[in-house]
Amino acid sequence: MTLSLPDRADLDLSGMLDVAYRQARIGLDEGGIPIGAALFAANGTVLGAGHNRRVQADDPSAHGETDAFRAAGRQQDYASTIMVTTLSPCWYCSGLIRQFGIGTVVIGEHTSFYGGEDWLRDHGVEVIVLDDERCTEMMSSYIAANPAVWNEDIGIAPANATERQA
């Protein structure tokens, strides 16, 4: 699959997702939540990659997208950058994307969790969903095995878990 913009037509989105997927596997191997991300320049160069470290670092703000964003360091302009993530970005990460004006988000899957995609689109961000089976399997297996940790990650308190998921 390629981006519709002419200057990005040669980008290998599956290959870019592979970078984020490898990060998610690292997170899973570390005992964390398997969400990986990478920030790319418009030409497909990796600026930074990272994974969810909430469990490992005991840091509720250490999401995959924020880890990749931090690893990329300061950029003069984010409009032409591409955030690639294995899972639909939550509201926190969607806010980061909007705050810094990241122009494109490529999502591995949004079956396990549907975040702020529509809001991002409504604000001019190009959102591309690849429906990658590896990402869906990894995330759905993790959620089934670790529902309490997952609910904590997406901000669902134990007393409200059943009520908010319905």
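**Helix H3 and its surroundings**

In H3, the buried residues (under 20% relative accessible area with a 1.4 Å probe, protein chains only) are Gly 64, Glu 65, Thr 66, Asp 67, Ala 68, Phe 69 and Ala 72. This is a predicted model, in which local features need pLDDT of at least 70 and side-chain atom pairs count only at pLDDT 80 or more, while totals for chains, interfaces and linings use all residues. Residues are numbered from 1 along each chain as its sequence is written, and side-chain values use heavy atoms, without hydrogens and water.

Helices (H or I, at least four residues) and strands (E, at least two) are DSSP runs numbered from the N terminus. H3 is mostly covered, with seven of its nine residues buried, and its cover includes strands S1 (36-40), S2 (46-51) and S3 (82-87) as well as H4. Just after H3, Gly 73 has a positive phi of about 70°.

The axes of H3 (residues 64-72) and H4 (residues 91-99) come within 8 Å and cross at roughly 35°, where axes are lines fitted to C-alpha atoms, for helices over the stretch in contact, and angles run from 0 to 180 degrees between N-to-C directions. Glu 65, Thr 66, Phe 69 and Arg 70 of H3 make the contact (heavy atoms within 4.5 Å) with Tyr 92, Cys 93 and Leu 96 of H4.

A nonpolar core is a set of buried Ala, Val, Leu, Ile, Met, Phe, Trp, Tyr and Cys residues joined through side-chain atoms within 4.5 Å. In the largest, of 17 residues, Met 16, Phe 40, Ile 82, Val 84 and Val 106 touch the most other members. Helix H1 (13-29), S1, S3 and helix H6 (133-145) each supply at least two residues of this core, and H1 gives the most, with seven.

Technical notes
Buried means under 20% relative accessible area, exposed over 50%, partly exposed in between (1.4 Å probe, protein chains only).
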